[in-house]
Amino acid sequence: MEVHVYATPPEVSRQLAEWITAHIETTLKTSDRYTWCLTGGNSPKELYSLLAAEPFRSRIDWSRVHLFWGDERAVPFEDDRNNARMTFATLVDHVHVLNTHVHVMNTALIPEKAAEAYAAILHTYFTADGPTFDLVLNGMGEDGHTLSLFPGQPVIHEETAWVKAYYLEAQKMYRITLTAPLVNRAHRVAFLTFGANKAHALREVLKGERNVDLYPSQIIQPIDGELHWFVDAAAAEEL
């Protein structure tokens, strides 16, 4: 595991944009595609905007990039809470990625069917074992959750299904999420986290005793891949 600490959120986003771009460039020298699992929320908005603008946009061969999402709220695409909607607005609509390479979770279906449909897509890309995504980009909430793996939820311990849907009582909504076994087979996993409100959770996830039910981000541990944390000084103040 490697922790990259930068002074401010904008600097974190710039450095992560360079890191992702360089990884895409390197991977596409020997592969015909780059599979990237995106994250939602507010934290990656600046990162996505940077990647959608020069100089990063022209450095990436977007025609060979395949996009996925790590989790989704079971709300329509038109809803502002929809993770894919945010990513389209900040990134997808501004680069030359092929429509057939963009795989959103279909929230027009009932959540369980949406999870099944997404798993079916993933099975056309990845085998039952071996590596999965070239990169999974994750965020972390101040409660230590990542993806839609929230504290105390049974989905944290899912061992078989690649995608699960469940009702999150605390939010009064269904969530659809990739599970830890799939994510942990990625070549690279990068967390983007900043803000003093994340400092305690970050310390517990990285330095505390293992308790994935309390701090689900701890369960993301790539089997054969790399784990990186990109954080600002405020988030790292308790490390």
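Good morning. Helices and strands are here taken as DSSP runs, numbered from the N terminus. With that convention, Thr107 lies in the loop between α4 (83-90) and α5 (111-125). I shall return to that residue after an overview of the model, which is a predicted one.

Let me begin with the whole protein. Seven helices and nine strands are present. Along the principal axes, the C-alpha atoms occupy a box of roughly 45 × 40 × 35 Å. For 239 residues, a compact globule would have a radius of gyration near 18 Å, and the value of 17 Å for this protein agrees with that. Of the 239 residues, 54% are buried. Consider next the contacts between residues at least 6 apart in sequence: 76% of these join residues at least 24 apart. The accessible surface amounts to about 10,600 Å², and carbon and sulfur atoms contribute 51% of that area.

I turn now to helix α4. How many of the eight residues of α4 are buried? Six are, so the helix is largely enclosed by the rest of the structure. The buried residues are Asn83, Ala84, Met86, Thr87, Phe88 and Thr90. Their cover includes two helical and strand elements from earlier in the chain, among them α2 (45-51) and β2 (34-38), and it also includes β3 (65-69) and β4 (71-73). At the start of α4, a side-chain oxygen of Asn82 comes to within 3.0 Å of the backbone nitrogen of Ala84.

Asn82 leads us back to Thr107, since the two residues are in contact. Is Thr107 buried or exposed? Its relative accessible area is 17%, and because buried means under 20%, Thr107 counts as buried. The side chain of Thr107 reaches the backbone oxygen of Val75 at 2.8 Å. Leaving aside neighbours within four places in sequence, Thr107 also touches Glu72, Arg73, Ala74, Pro76, Phe77 and Ile176.

Finally, the surface. Which residues make the nonpolar surface patch of about 350 Å²? They are Met1, Val3, Val5 and Leu239. Met1 belongs to the segment before β1 (2-6). With a relative accessible area of 61%, Met1 is exposed, whereas Thr107 in its loop is buried.

To close, three points may be kept in mind. Helix α4 is largely enclosed by the rest of the structure. Thr107 contacts Val75 through its side chain, at 2.8 Å from the backbone oxygen. Met1 takes part in a nonpolar surface patch with Val3, Val5 and Leu239. Thank you for your attention.

Key. Residues numbered from 1 in each chain as written. Predicted model: local features only at pLDDT ≥ 70, side-chain atom pairs only at ≥ 80, totals over all residues. Heavy atoms only, no water. Patch = residues over 30% accessible without salt bridge, like charges linked within 9 Å, V, L, I, M, F, W, Y side chains within 5 Å. Areas by Shrake-Rupley, 256 points an atom, 1.4 Å probe, with all protein chains shown as cover. Salt bridge = Lys/Arg side-chain N within 4 Å of Asp/Glu carboxyl O. Helix = DSSP H or I, 4+ residues; strand = E, 2+ residues; numbered from the N terminus. Buried < 20%, exposed > 50% of the residue type's maximum accessible area, 1.4 Å probe, protein only. Rg over C-alpha atoms; globule rule 2.2 N^0.38 Å. Contact = heavy atoms within 4.5 Å. Polar contact = N/O pair within 3.5 Å; in protein donor to acceptor, adjacent residues only side chain to side chain.
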